[in-house]
Amino acid sequence: MRENLIEKNVDEFLLRPNLLDYEGECREFRWEDVGREFEGLPGGGLNIAHEAIDRHANGALSDKTALLWLGQNGERKTYTFGEMKKESAKFANVLKRLHLAKGERVFTLSSRIPQLYASAMGIFKNQNVLCPLFSQFGPEPILQRMLKGDAKLLLTTKKLYEKKVRPILHELLDLRYVLLLDADEDENEKTLSYSRLMSEASENFEILPTDPEDMSILHFTSGTTGTPKGVAHVHKAIYAHYMTGKYALDLHPQDNYWCTADPGWVTGTSYGIITPWLHGVTNIVDEAEFDAARWYKTLQDEKVSVWYTAPTAIRRLMRIDSEPTLEYDLSNLRLIQSVGEPLNPEAVLWGEKKLKLPIHDNWWQTETGAIMIANLISQTIRPGSMGRPLPGIVAGIVHVDDEGVLSEVTEPNKEGDLALKVGWPSMFRGYLHNEEKYEKSFVDGWYLSGDLAYKDEAGYFWFVGRADDIIKTSGHMVGPFEVESALMEHPAVAEAGVIGKPDQIIGQLVKAFVSLKTNYEPSDELRRELIGFARKKLGVAVAPKEIEFQENLPKTRSGKIMRRLLKAREMGLPEGDTSTLEE
Amino acid sequence: MTIDKIKKAIIKNILEIAPEVGEDEIEPNENIQRSLELDSFDFLKILTAMNEEFRVEVPEKDYSQVDTLEKMAEYFLRRA
């Protein structure tokens, strides 16, 4: 392992890193000090939009580019902090005019367009809660999330509305308004034109006093059982966003920062919207999906200096036999961070060889709100490891016994549950409407992440696997239950068991095992029908990529499908303990 | 090899991987992934199937040259 270490020579860096002495910074760090980086609202309290946009717009950064947007058809637009302040104020006034009350949830369903980013800030300004949906969800996941999150208003486009929302509209009884981003006129008194409302709205908006503990964002995350859970975050999370922007992303005022994540997932909001702006840094957003040539060109043309991306994209770049640094001028690039799933050591080393920069892996979750463990620009990389806990974060490997008693695993390289000591500001404050589940996530002052890991003798953490059946595909989580339930709605399906099948590019792909009701025979045609059925219902981000028919699925004596066994069989691994298997 | 034969094969492979798509939804000059809502994994699978059929491998750097039905058909016609 040791010969693989990537040592750093800070003297060769383009900029002096914000963190040089890891141990010292960890020792001295106090969360209260981060508060000094913020201005606070004139009327009291802390609001994300004020700290990310307005305080810069009111000062020296007013004319600096906040958002640099690249459209999928080659458009390029820039918005200054001053302009973002006005646009977000207008949207806040729209929400106010529509009588959206403090704490009420505003859902967004859109591709990465500039209005989405300004509106997010407008939602914070009016003290509503931003609930971003991924535009590749189908009607079913959208319905589940909107019902669970008590959606009052949805911001979307005409096309997405027609395809995914209109079919479920009759079930969304509490939804008061749909705002269509690209409609010139109102459709009816409930479905309104965004541009019409914006044109009538004032550019001034006074943010009312906001408690740092007020809910700001609700993301949804998949569970092994039941429908997705709403993960509630608060305005104070910006303490952690600011800290991680400083240490993990090493943001400096002159940076051009590009985060490739979609705001439908937590990385796309925490790091694709909020963090760069807290630091007054130019945030680059590309509307288009992954395209190797386009991405390299963007890194070059926009002089990207800090790049936050994902293993799936890196592994696709690795498939090209080329010398990117000869074909493109990547000389401005000084830091690459990656998140979504563990980055394999080959990818870290590929970065060093081909991009002349190693790729830094880091770890966090929807529940943690911000990066918790990371490889840092100034520190040695152990390829394959997620790095070390950031200042202010206490991570440990723990074991919880059958009685529910927690003990910390202190022996190096010994596997256990990856846990975090409670107290960091971006920790989730609840699973919406599920207090019991929230309570269960904590034992003795530790948050249990559900990931299995170990810590080596140098304090670096290494990912081992999930403690549950949750599937990680293309960097996002899919709950098997959600997929199984959708399949079960097809008349031919008797039982369904869903697993993550290892895949070289996307980490895991969603694979379903299906047994059929009597009178139905397995066939290619039926397999296609089921795949189409699931894709229509769930959307491409969640639906299974493969379906395999089996006469009977392995079950426990109590009738629960044993996904673990399906997975072991799929991978040709030992079946482990099968004592509970139904005979 | 005719361009129509290649187009038919592309459509067949799209429908195999995304059976929910109606054949009439496939517009010749629209971005395949975006207009039909396929993810990049689906798109890779379409290209893999096309490679098996026509023995033409599309390297990752050429993906922007095969992003519509028309462009993909021409790309394969030139190389098959």
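Biologist: Which residues, leaving aside its neighbours within four places in sequence, is A:Met372 in contact with?

Modeller: Those residues are A:Trp363, A:Trp364, A:Pro389, A:Leu390, A:Ile393, A:Ala395 and A:Leu420, where contact means that the C-beta atoms, placed from the backbone, lie within 7 Å. This is a predicted model, in which local features need pLDDT of at least 70 and side-chain atom pairs count only at pLDDT 80 or more, while totals for chains, interfaces and linings use all residues. Residues are numbered from 1 along each chain as its sequence is written, and chains are lettered from A and ligands numbered from 1 in the order in which they are written.

Biologist: Why is the largest nonpolar core said to lie between domain 1 and domain 2 of chain A?

Modeller: Domain 1 (11–16 + 34–453) and domain 2 (471–571) of chain A both give residues to this core, so it lies between them; the domain bounds come from an automatic or database domain assignment. The core has 180 residues, and A:Met372 is among those with the most contacts inside it.

Biologist: What makes strands E27 and E28 of chain A a pair?

Modeller: Two strands pair if DSSP finds at least two bridges between them, and four bridges join E27 (residues 507–516) to E28 (residues 546–549) of chain A, so these parallel strands meet the definition. In this pairing A:Phe513 stands opposite A:Glu548 in E28(A).

Biologist: How many residues of domain 1 of chain A are in contact with domain 2 of chain A?

Modeller: There are 23 such residues in domain 1, in contact with 22 residues of domain 2, and the C-alpha centres of the two domains lie 30 Å apart.

Methods:
Helices (H or I, at least four residues) and strands (E, at least two) are DSSP runs, numbered from the N terminus. A nonpolar core is a set of buried Ala, Val, Leu, Ile, Met, Phe, Trp, Tyr and Cys residues joined through C-beta atoms within 7 Å. A residue is buried if 20 or more other C-beta atoms lie within 10 Å of its own, exposed if 12 or fewer, and partly exposed in between; C-beta atoms are placed from the backbone. Two residues are in contact if their C-beta atoms, placed from the backbone, lie within 7 Å.
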